[in-house]
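Here is a short report on the fold, the core and the domain contact. The structure comes first.

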Amino acid sequence: MDTNTGTNTSDASFASAVPTAMTGAFLPGDGTVELRETPLPRPGPGQVLLRVRASGICGSDIHYIYNGHVGEGGAAYRGVVAGHEPAGEVVHTGPGCERLRAGDRVAVYHISGCGQCDECSRGYFIGCTSESRAAYGWQRDGGHAPYLIADERTCVLLPEPLTFVDGAFIACGIGTVYEALTRIAVNGADRLLVTGLGPVGAAAALVARALGVRTVYGAEVVPERMEWARGLDLFDAVLDSRDRPLEEIDRLTAGTGVEAAVDCSGHPAARTTALKALRVRGRLALVGEGGQMTLDVSDDVLHKQVLISGSWVTSVHGMTQLAELLARQNLHPDRLVAERFPQSQAGRAYEAAAGRAAGKVCLVFD
Ligand SMILES: [Zn+2]
Ligand SMILES: [Zn+2]
């Protein structure tokens with residue numbers, strides 16, 4: 001189908017203002033970034049054209065695309081413009097768009113679903129069961145280019161005073177921890193332990209505080225990450241996971257354990273620490289991907305009456321709520337970004353992201 005047919009994008013101002021080709025960043029899978037010209041189509045029905053202003057680099061971009069293409073079938077990278085964490089400004093709307101207007105600032109939910117299946121109807125495009133499901137930067141062009149065609153339904157308004165870099169973070173990592181923390185209903189009565197202090201773990205502390213949690217402990221094994229996390233002013237204590245963290249939790253909580261924990265590491269030992277650190281009727285959310293977890297079912301789960309919740313990304317609705325929450329409290333996840341690069345230096349940006357022990361890397365556009 002020709003998606004250009006019938007668009008309202010034929011006016012002269014649009015044609016003169018927006019190019020028909022642009023330079024996009026692609027990931028060949030050998031630890032390099034390729035900058036090359038790519039066509040810029042016009043938005044079709046239900047689509048908007050965004051001027052990209054920020055585009056985050058995620059751990060998944062490094063591990064599953066940049067270092068080597070991993071994943072078969074639907075999960076695989078299809079040689080598109082990379083970047084699944086875009087934020088930008090609407091410059092034009094295709095036919096049928098009713099919610100967004102030119103000039104709107106948006107973050108983009110990183111997967112476009114069919115909009116019709118059960119998960120899509122709940123806003124969880126991540127769980128879309130249709131063959132048309134496509135993640136930006138994986139199966140359809142993503143945010144590492146000056147412009148992006150996005151489905152209107154995947155765009156979340158970015159309220160003032162949030163920045164575009166905040167928006168790029170909301171598009172993936174921080175949305176993921178928001179979902180996990182709301183699922184275990186963290187609140188002001190909780191002390192929270194976060195295991196794994198990469199950008200997502202640090203974001204968990206920021207979101208937990210936005211949700212009213214007053215005491216947040218972190219645990220990590222990498223010294224650079226511990227140091228980075230200590231400097232963020234988000235953790236009451238950052239524990240060295242190599243040095244009996246459970247004894248430290250015992251001491252910090254006067255022997256009770258914490259009410260809630262979230263694992264952002266995906267590491268078996270860290271998951272066990274998060275589980276064993278819980279007090280009776282504590283709640284654990286698992287966010288970190290991959291690997292295994294060993295449970296002492298009776299001691300650690302049944303007799304302690306623990307709740308364990310899995311969480312995968314978030315919904316469009318969750319992203320919207322999160323953006324509003326952060327804006328109301330004037331909280332900026334962009335402070336977790338350690339380095340920013342212009343798109344013309346995307347190669348350097350990926351090198352930095354792949355080599356960094358702590359903090360997040362983001363592409364920014366004028
Ligand atoms: Zn991501
Ligand atoms: Zn669907």
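## Fold, core and domains

The chain holds 12 helices and 17 strands, counted as DSSP runs of H or I with at least four residues, or of E with at least two, and numbered from the N terminus. Its radius of gyration is 21 Å, close to the 21 Å of the globule rule for 366 residues, so the chain is as compact as a globular protein of that length. That radius is taken over C-alpha atoms, and the rule is 2.2 Å times the number of residues to the power 0.38.

This is a predicted model: local features need pLDDT of at least 70, side-chain atom pairs count only at pLDDT 80 or more, and totals for chains, interfaces and linings use all residues. Residues are numbered from 1 along each chain as its sequence is written, while chains are lettered from A and ligands numbered from 1 in the order in which they are written.

The chain is divided into two domains, with bounds from an automatic or database domain assignment.

| Domain | Residues | Given to the domain contact |
|---|---|---|
| domain 1 | 12-172 + 314-364 | 19 residues |
| domain 2 | 175-310 | 14 residues |

Contact means C-beta atoms, placed from the backbone, within 7 Å. On the side of domain 1 that touches domain 2, α11 gives the most, with 5 residues. The domain centres, taken over C-alpha atoms, are 29 Å apart.

Of the 366 residues, 48% are buried (20 or more other C-beta atoms within 10 Å of the residue's own). Val177 touches Val200, Ala203, Ala204, Val207, Val262, Cys264 and Val287, leaving aside residues up to four places away in sequence.

Terms used:
A residue is buried if 20 or more other C-beta atoms lie within 10 Å of its own, exposed if 12 or fewer, and partly exposed in between; C-beta atoms are placed from the backbone. Two residues are in contact if their C-beta atoms, placed from the backbone, lie within 7 Å.
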